[in-house]
Amino acid sequence: MDEDGQDDAALLAQAAGGDARAAGVLFDRLAPRLMAFVQRMNGGNRALAEDIVQEAFLRLWRKAPDWDAGGPAQISTWLGRVAANLAVDAHRRAARETALPDDLDPASDAPSAVATMIQAEGLSALDAALARLPDRQRQAVVLRHVEGYSNPDIAAMMGCGVEAVESLTARGKRRLAELLKEVS
């Protein structure tokens with residue numbers, strides 16, 4: 001519950017009934033933290049993060065009429081899981097696209113190798129190191145240590161057990177430390 005006295009499920013039910021104010025309150029409550037998480041998952045790309053958050057909320061609005069308020073998932077953890085999956089998909093797509101030699105074709109709309117290098121230099125060392133982690137490790141580390149979610153909430157978002165989250169986070173932190181040491 002927030003200062004308006006309504007919990008997320010009540011706001012979602014009102015939004016499902018066409019209450020735009022309730023939808024706005026729910027969005028304003030959940031979107032900033034989700035945006036920060038997704039932006040960190042995608043190397044600081046704000047435009048991509050906005051697209052992912054928008055898609056996650058569109059999926060929530062479609063699901064709103066069937067939402068089980070008494071069910072095991074909280075709206076915030078459900079949104080986090082959807083956004084995390086979308087972010088991982090976007091990261092994989094970007095990795096495939098940058099692996100292709102399209103930038104060698106002068107007629108291509110793909111960024112040149114020089115432009116790609118300049119963009120990469122603009123990323124912070126942490127974002128660059130996070131991007132080198134395996135998807136699940138990056139997701140666990142960002143959710144735990146950047147966004148501050150609890151291990152049980154992360155487990156719900158990632159669809160695994162708390163022990164797996166602890167393992168992913170520990171391995172991710174170790175690898176992140178190694179990667180950051182290489183930079184310094």
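Author: Let us start with what counts as a helix here: helices are DSSP runs of H or I with at least four residues, and they are numbered from the N terminus. The model you are looking at is a predicted one.

Reader: Thanks! How many helices and strands does the chain have?

Author: There are 9 helices and 0 strands. Reading from the N terminus, the order of elements is α-α-α-α-α-α-α-α-α.

Reader: What happens just after α1?

Author: Just after α1, you will find G18 with a positive phi of about 100°.

Reader: And which residues of helix α1 are buried?

Author: A residue is called buried when its relative accessible area is under 20%. In helix α1, which spans residues 8–16, the buried residues are D8, L11, L12 and A15. Around the axis they take up an arc of only 100°, so they sit on the same side of α1.

Reader: How do I read the same feature in α6? Which of its residues are buried?

Author: Helix α6 covers residues 125–132, and its buried residues are D127, A129 and L130. Looking down the axis of α6, you see them fall within an arc of 165°, which means that they line one face of the helix.

Reader: What share of the residues of the chain count as buried?

Author: The chain has 184 residues, and 35% of them count as buried.

Reader: Now I would like to follow single residues. Where is the place of N42?

Author: N42 is in the loop between α2 (20–41) and α3. With a relative accessible area of 11%, N42 is buried. To see its surroundings, set aside the neighbours within four places in sequence: N42 then has contacts with L48, I52, A87, A90 and H91.

Reader: In which helix does E55 lie?

Author: E55 belongs to helix α3, residues 46–63. Its relative accessible area is 24%, so E55 is partly exposed. Without the neighbours within four places in sequence, the contacts of E55 are with R62 and L86. You can also trace a distance from E55 to V82: these residues are 27 apart along the chain, and their C-alpha atoms are separated by 8.9 Å.

Reader: What about H145, in which helix is its place?

Author: H145 sits in helix α7. This residue is partly exposed, with a relative accessible area of 44%. Leaving out neighbours within four places in sequence, H145 touches T169 and K173. The C-alpha atoms of H145 and T169 are separated by 8.7 Å, with their positions 24 residues apart along the chain.

Reader: How much of the contact in the chain comes from residues 24 or more positions apart?

Author: Among contacts with a separation of 6 or more, residues 24 or more positions apart account for 57%.

Reader: How do helices α7 and α8 cross?

Author: Picture each helix as an axis. Helix α7 (residues 135–146) and helix α8 (residues 151–158) have axes that come within 10 Å and cross at roughly 140°. This crossing of α7 and α8 is right-handed. On the α7 side, R136, Q139, A140, L143 and R144 take part, and they meet N151, I154, M157 and M158 in α8. By type, the residues of the contact of α7 with α8 are 5 nonpolar, 2 polar and 2 charged.

Reader: One more topic: aromatic rings. What describes a pair of them?

Author: A pair of aromatic rings is described by two values, the distance of the centres and the angle of the planes. Rings pair here if their centres lie within 6.5 Å. By this rule the structure has 3 aromatic pairs. One of them is F57 with W61, a tilted pair at 5.6 Å centre to centre and 45° between the planes. F57 and W61 are 4 residues apart in helix α3, so about one helical turn separates them.

Reader: Are F57 and W61 buried or partly exposed?

Author: F57 is buried, at a relative accessible area of 2%, whereas W61 is partly exposed, at 29%. Another pair is W67 with W78, which is edge-to-face at 5.9 Å centre to centre and 85° between the planes. That pair links distant parts of the chain, 11 residues apart: W67 is in the loop between α3 and α4 (75–99), and W78 is in helix α4. W67 is buried, with a relative accessible area of 16%.

Reader: Which residues form one aromatic cluster?

Author: F27, F57 and W61 do, so you can look for F27 alongside the tilted pair.

Definitions and conventions:
Residues numbered from 1 in each chain as written. Predicted model: local features only at pLDDT ≥ 70, side-chain atom pairs only at ≥ 80, totals over all residues. Heavy atoms only, no water. Helix = DSSP H or I, 4+ residues; strand = E, 2+ residues; numbered from the N terminus. Buried < 20%, exposed > 50% of the residue type's maximum accessible area, 1.4 Å probe, protein only. Contact = heavy atoms within 4.5 Å. Arc of directions from axis to C-beta. Axes fitted to C-alpha atoms, helices over the stretch in contact; angles between N-to-C directions. Left-handed = near helix turned anticlockwise from the far one by under 90°. Nonpolar A, V, L, I, M, F, W, Y, C, P; charged D, E, K, R; others polar. Phe/Tyr/Trp six-rings, centres within 6.5 Å; stacked < 30°, edge-to-face > 60°.
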